[in-house]
Amino acid sequence: MLRMRDVSAGYGHAPVLREVSMWVPPRSVVALLGANGAGKTTLLRVASGLLAPSAGQLSLDGEDVTGRAPHELARRGICHIPEGRGVFPKLSVRDNIALHAGAGGAAGDVAGAVDKAVSAFPALGRKLSQPARALSGGQQQMLALSRAYIAEADYVLLDEVSMGLAPVVVDEIFAFLGTLAEEGCALLLVEQYVSRALALADYAYLITRGSVTFAGEPGELDADGLAEHYIGTT
Amino acid sequence: MGELAPFLIIGVTSGSVYGLAAMGLVLTYKTSGVFNFAHGAIAAVAAFAFYELHTVRGLPWPVALLLAVVVLPPVVAVGLERVTRGLAGGTVTTKIVATVGLQLAIVSALIAHYGGAGLSFPRFLPTESVGIVGINVGIDQLISAGVAAAAAVAFFVFFRASPTGTRMRAVVDNPELLSLAGTNPVAVRRWAWLIGTWFAAISGVLLAPQIGLDALLLTLLVVQAYGAAAVGLFASLPLTYAGGLLIGVLAALATNLVAGHQWLAQLPPAMPFVVLFVVLLLVPRHKLVEPGAHASPAPVAPLVSPATARALTVAAIAVAAVLPLLVGPRLPVYASALVFVLIFTSLHLLVRISGQISLAHAGLVAIGAATFAHLATGVGLPWLGAVALAGLVVVPVGMIVAVPAIRLAGLFLALATFGFALLLEKVAYPSDWVFGAQGTLPATRPAGFDSDVAFYYVLLAFTVAGLGLVALITRSRLGRLLRALADSPTTLSTLGLGINVTRITVFGLSALIAGVAGALHAAQSHAASATPFSALQSLTWLAVLVLFGPARGAAPVLAALFLVVAPTYGTSDALTDWMPVVFGLGALLVAVHEAGRAQRHAGGSTAQQGEPSRAAERIGAGSAAAERAERAVSRAGDRPGYRISIGTAREGGR
Amino acid sequence: MTHRVDTEHGADAAAAADTSGLRATELTVRFGGNTAVSGISFTAPRGRVTGLIGPNGAGKTTTFNACSGLLAPSAGRVALFGEDVTARGPARRARLGLGRTFQRMELFDTLTVEENVALGREARLAGSHPLRQVVNPPAQRKAVRAATEDALELCMLGQQRRAIAGSLSTGQRRLVDLARVLAGGFSVLLLDEPSSGLDTAETRRFGEIIGRVVAEHGSGVLLVEHDMALVMDICEHIHVLDFGELVFAGTPSEVRSSETVRAAYLGSEAG
């Protein structure tokens, strides 16, 4: 269980999260919803150790891991795919994959990791020696997502992974997320395609200006209410 | 081609070592975001360690070499990584001052311990010559070049093909993402610092036999690596090495070309700085990207209230007025301290008030001194007129220094001004028309004020006037614009200010004061010469000023007192010698402390460096991704806002 | 939306009378291979509040940076009061009457609140002329003081005037940022997420301030904002960006009922 208890966090002048409590049970899919700037990205940054909370506790499988460095949490099964493209643009696709596999360890590991990445996203197979920035946006996102699969993460935190991608690519990415979930990964999903996220989710949280304003099953949220929340329709 | 071959050989053998040093510099800069001005000082440390172990303690040279070049660097590297980690989120000035302070401390410590005169360095490599295409080349030089080339190639292979090399490239690309992928960026940076330090150490022991064991000279020779780094645009490692070779060849060719032109004699050794300055002036701005994040300065609460500050000012002037009665034969020391108050005041205006950086300040003061000597003694202008003109002549030079400030910011501005300062030192200082054929020009004091006491009061009047002028500027419209410029130039331009005009104005004003100070310096010491104004002095002055930065308006006074007066009160020479070490370390500590404050102010409480929002806000580096990253700095809200009850998901409370 | 033909160029008197305000035509911004903003056209005329909304990463801030001159567009034109300013820098655009705030509140952190606000007017008066940057004639001093006082009062910052800007809370910083552009007397204001960090009361007050500025001075406002209640409340006309393209433009009620907008925010599967 990945759990946050009364977490507050922010950047300098700007407190962003206020006493947020949420949990991601093992093997579950949790959707994290909220308008622009509500604090979703900040919440994921706290969960992966990129941002130390100013108050509150982060725990992993019952152990307090507040303040642990992100690379330690990554080794303990947390995989955060950050906003934007989570790839090293100047490195080759193969080097990117090597870094995913415990940061470029033995050659055998790398070969295995490449096989895994290509099996998940065949399109990557033809681009292994190209720099990641030469890939299309969708392929870059696939490369980023392949880390979750290669690292065999227990908890995958996904920040707007479908942003700016063509619908057909979005389909492929959601199919991959579905596979991850079936294989037993827990997903914490920040997603602009709210309906698709909710279709996949076991639980949903809605955060508004840094506080949790809804926690429950997706069915309890209705589309009109959400639309109102996002666009202000009445 | 046949005629050029000898120059190619000479150039490549000397350039290879610089290329290696430059690669180490660029590697640590790219991975840590901190440009290590102390890189050359580390080379000197290794050379001195070898000397100590081999010559002084009598160890066999291979053992001494092993200890100096292989064993020592890891210790240094771990320390450097720790220090630069603390600097990562600081302002550009703090990053520069920290390693400048470190350089000052190391060089001064070596001089204090081993003496300033060049010791002869053991030539541990065979020194016979072999003939290559008709010229004789020392075998030791060939070995040096070969070792450097081998190290460069080995490193390049390591960088491209090994797992650690991959991690290094990844930490350059995106350290945060690397940590998310399970690798500790700190460990990777430690590796980079280790290799960078190794390269510095190797170049140190390879260069020392050729130039002798002189801490300053060794440090400066590695400064030549800046030119090579510029050729690689401070980013590409192979191009950096190639830049080292290129500069070696250019210098060798220039030696041939300028033979017979006495005034150009200094051009070949200055070639690296010509390259540095030209690259920084001509390369498109977007190709020069500083790695890492920069913070704006954090606000500092004044140490004392305005009323107390006024009272202290009055008291200080009163003490200064009666000082000749109190200090007896030390008066000349206090008189030159007054000159330095003026120098620090001009630097304070530029660096602390306006947030600009210049490492060419000693050059401006030097030109003021030389101009004054020519005008007052040579041309025979009235004393006051010569002082005023000396100030005015320096103004356009200051504005030339401002030209890079328009194109460049931060580190690249600092390096461009440092390149300019080194050019002045190498090319202008030695020529007849600056400090004369003897290297020193007589300078006079005004008629009737020839005595030390009388001239002390002249200096006091100028100093009080200079401080008053800067205080006045600070309170005026220009002062508000300058202080705002230090905080956020982009915002200032979106409010309608032509910030380049403001930059040129402040560089010109600062130069005016520096020029006058130079004139007074010459008059006080009865002579104008290059010695007090070496380019390294600019670094020292900056470090000392920053050390007293927290004292705000009083910083120039305190800096001058500690730089000029305090060492003379030392009961032993040792104390005097070790003072600069204290300045250097002090500046380093203050810089690390300020970087920490700036980082906290910007809100980088992250476990890792590099807050994405800061990177994103650098306009021009913007992109869709940057825009998204900007969003990462979320907006907070105090209001309870929506209350969504389970089931209905409706907005309530409004 | 009428498309008037621009005939005057740079005449100040004409600019003052011109109600066209800011006009972007076929604006495109690319970063490397990424197109952040793709051929968008819109106007932010004087005398009304125009909204610019869209999901994360839609290109709103990029559009702002291109309009205010911090970014050079890859294609397209930006005109201010009929004058083409595409090749002009941010300072020149500001002096023509375009002011902006920053999402991250780029305050002069080491200066006082009062100095920050005064600089809104003073930077513009000082312009690019070396003498004007140094000399502060009494008439200008008076004008700066008056503008500062008005802006401080309007934004309720009188109490904090002597505080160092870097020491303020987020909400107060937001108000200082706003007060600074208000003191500048700009004819068109670009406000980037101005309600972030404000509480309900402050947001309401903020809406009122904008309303007053538009009503009393005839200023034009282009608003990027995520608080939809505020957007719907004060905007007369709203442009919706998605994937760097303008996907919808209309009144608040048209935006509310648009399926396109809904899809942009919730994904194509919504509803």
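In this predicted model, the C-alpha centres of domain 1 and domain 2 of chain A sit 25 Å apart. The domain assignment splits chain A into domain 1, made of residues 1-77 + 153-167 + 177-234, and domain 2, which covers 87-151. Where the two domains touch, domain 1 of chain A brings 8 residues to the contact and domain 2 of chain A brings 7 residues.

Putting domain 1 and domain 2 of chain A together buries about 580 Å², with carbon and sulfur atoms accounting for 71% of that area. On the domain 1 side, the residues that lose the most area to domain 2 of chain A are A:A153, A:V161 and A:L165, and together they make up 55% of what that side buries. As for charge pairing, 0 salt bridges turn up across the interface of these two domains of chain A. Polar contacts do occur, with 3 residue pairs counted between domain 1 and domain 2 of chain A, both partners at pLDDT 80 or more. Two elements of chain A, β7 (155-159) and α6 (167-182), each supply at least two residues of the domain 1 side that touches domain 2. By residue type, that side of domain 1 of chain A breaks down into 7 nonpolar, no polar and 1 charged.

Chain A also holds an open sheet of 4 strands, ordered β2-β1-β4-β5 and paired in the antiparallel sense. The edges of this sheet are taken by β2 (14-24) and β5 (63-64) of chain A; each has a single partner strand, so one side of each is left without a neighbour in the sheet. Strand β1 (residues 2-11) of chain A runs antiparallel to β2(A), and 7 bridges join the pair. Within that pairing, A:V7 has A:V20 in β2(A) as its bridge partner.

Next comes the interface of chain C with chain B. Here 60 residues of chain C are in contact with 45 residues of chain B. The size of an interface is often given as the accessible area lost when the parts come together. Between chain C and chain B the buried area is about 4500 Å², and carbon and sulfur atoms give 55% of it. Three residues, C:R104, C:F108 and C:Q133, supply 17% of the area that chain C buries against chain B, more than any other three residues.

The rule for salt bridges finds 3 of them across the interface of chain C and chain B. In one salt bridge, the side chains of C:E122 and B:R480 meet at 2.7 Å, N to O. Polar contacts between chain C and chain B come to 17 residue pairs, both residues at pLDDT 80 or more. Several elements of chain C each put at least two residues on the side that touches chain B, among them α2 (60-68), α3 (90-96), β6 (98-100) and α8 (200-217). It is α4(C) that gives the most to this side of chain C, with 8 residues. Sorted by type, the residues of chain C on the side touching chain B are 24 nonpolar, 21 polar and 15 charged.

Chain C also has a hairpin. Strands β9 (residues 237-242) and β10 (residues 245-250) of chain C pair in the antiparallel sense over 5 bridges. In this pairing C:V240 stands opposite C:F248 in β10(C). The hairpin formed by β9(C) and β10(C) has 2 residues between its strands, and C:F243 in the turn has a positive phi of about 50°.

Terms used: Residues numbered from 1 in each chain as written. Chains lettered and ligands numbered in written order. Predicted model: local features only at pLDDT ≥ 70, side-chain atom pairs only at ≥ 80, totals over all residues. Heavy atoms only, no water. Pairing = 2+ DSSP bridges. Contact = heavy atoms within 4.5 Å. Buried area = accessible area lost by both parts, 1.4 Å probe. Salt bridge = Lys/Arg side-chain N within 4 Å of Asp/Glu carboxyl O. Polar contact = N/O pair within 3.5 Å; in protein donor to acceptor, adjacent residues only side chain to side chain. Nonpolar A, V, L, I, M, F, W, Y, C, P; charged D, E, K, R; others polar. Domains from an automatic or database assignment.
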